[in-house]
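Colleague: I would like a close look at one part of this model, namely the charged side-chain pairs and the elements that carry them. Please take it step by step.

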Amino acid sequence: MVEDPLATADALQITREAGFDHLLMGGKPNTTSCPLPFQADSVKTARDVTRSTLRGWGLNELSDDAALVVSELVTNAVRYAMYASGRREIELLLMRVRPHVLLAVADPSDEVPRPKEPDFVSENGRGLYIVETYSQCWGWDPLARGGKAVWALFRTEP
């Protein structure tokens, strides 16, 4: 649920003005980016980077929810990148835009993320439901180089 639509719009406007392609290059203030190999253990790496970054920003209370959401985003990226032609790069981006933290995972697939009706018995299909439940909002943006960045926004201040 979006509690402060103006603050949320401001946080998302920054990503749209700069563009995820530019942000993923790294070296920006209050931003961490991490290339991830196209393999299952990238999920653990993404969780570790997320927790470490949030701890460095003094946001320990956010680390469990953010790590869960990043796990789902990276799992989806690994799953769908296998169908993309050419490159198999996945990249994690964390950006602090007060009063928010934006988490994004870029992958080479052009396939639009579509939430499924959660099936709580099945082994899969709940990823975007979890992302929606634990984040303030989520979405995706196409990348100029092809592929997409799927993002989730978290509020850091009451």
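How many salt bridges does the structure hold, and where do their partners lie?

Modeller: This is a predicted model, and the structure holds three salt bridges. In general, side chains of opposite charge can pair when their charged atoms come close.

I begin with the pair that sits within one helix: the side chains of aspartate 48 and lysine 44 meet at 2.6 Å, N to O, and both residues belong to helix α3, which spans residues 42-56, where they are four residues apart, about one turn of the helix. Aspartate 48 is partly exposed, with a relative accessible area of 37%, and lysine 44 also counts as partly exposed, at 46%.

The next pair also involves helix α3, but reaches into another helix, since the side chain of arginine 51 forms a salt bridge with that of aspartate 64 at 3.6 Å, N to O. Arginine 51 lies in α3 and aspartate 64 in helix α4, so that this pair links distant parts of the chain, 13 residues apart. Aspartate 64, at 53% relative accessibility, counts as exposed because the cut-off for that class is over 50%, whereas arginine 51, at 30%, counts as partly exposed.

The remaining pair belongs to the sheet: lysine 148 forms a salt bridge with aspartate 107, their closest N and O atoms being 3.0 Å apart. Because lysine 148 lies in strand β5 and aspartate 107 in strand β3, this pair ties together parts that are 41 residues apart in sequence. Lysine 148 counts as buried at 4% relative accessibility, and aspartate 107 counts as buried at 4% relative accessibility.

To place that pair, one has to consider the sheet itself, which is open, has five strands in the order β1-β2-β3-β5-β4 and shows antiparallel pairing. The edges are taken by β1 (31-36) and β4 (137-142), each with a single partner strand, so one side of each is left without a neighbour in the sheet. On average, neighbouring strands of this sheet are turned by 15 degrees against each other, direction ignored. Helix α4, residues 63-81, packs on the sheet and touches β1, β2, β3 and β5, with its direction making about 15 degrees with that of β3.

A polar contact can be added to this picture: the side chain of glutamine 136 makes one with the side chain of histidine 100, at 3.1 Å. Glutamine 136 is found in the loop between α5 and β4, and at 9% relative accessibility it counts as buried.

Technical notes:
Residues are numbered from 1 along each chain as its sequence is written. This is a predicted model: local features need pLDDT of at least 70, side-chain atom pairs count only at pLDDT 80 or more; totals for chains, interfaces and linings use all residues. Side-chain values use heavy atoms; hydrogens and water are left out. Two strands pair if DSSP finds at least two bridges between them. Helices (H or I, at least four residues) and strands (E, at least two) are DSSP runs, numbered from the N terminus. Axes are lines fitted to C-alpha atoms, for helices over the stretch in contact, and angles run from 0 to 180 degrees between N-to-C directions. Contact means heavy atoms within 4.5 Å. Buried means under 20% relative accessible area, exposed over 50%, partly exposed in between (1.4 Å probe, protein chains only). A polar contact is a pair of N or O atoms within 3.5 Å; within protein, one must be able to donate a hydrogen and the other to accept it, and residues adjacent in sequence count only if both atoms are side-chain atoms. A salt bridge is a side-chain nitrogen of Lys or Arg within 4 Å of a carboxyl oxygen of Asp or Glu.
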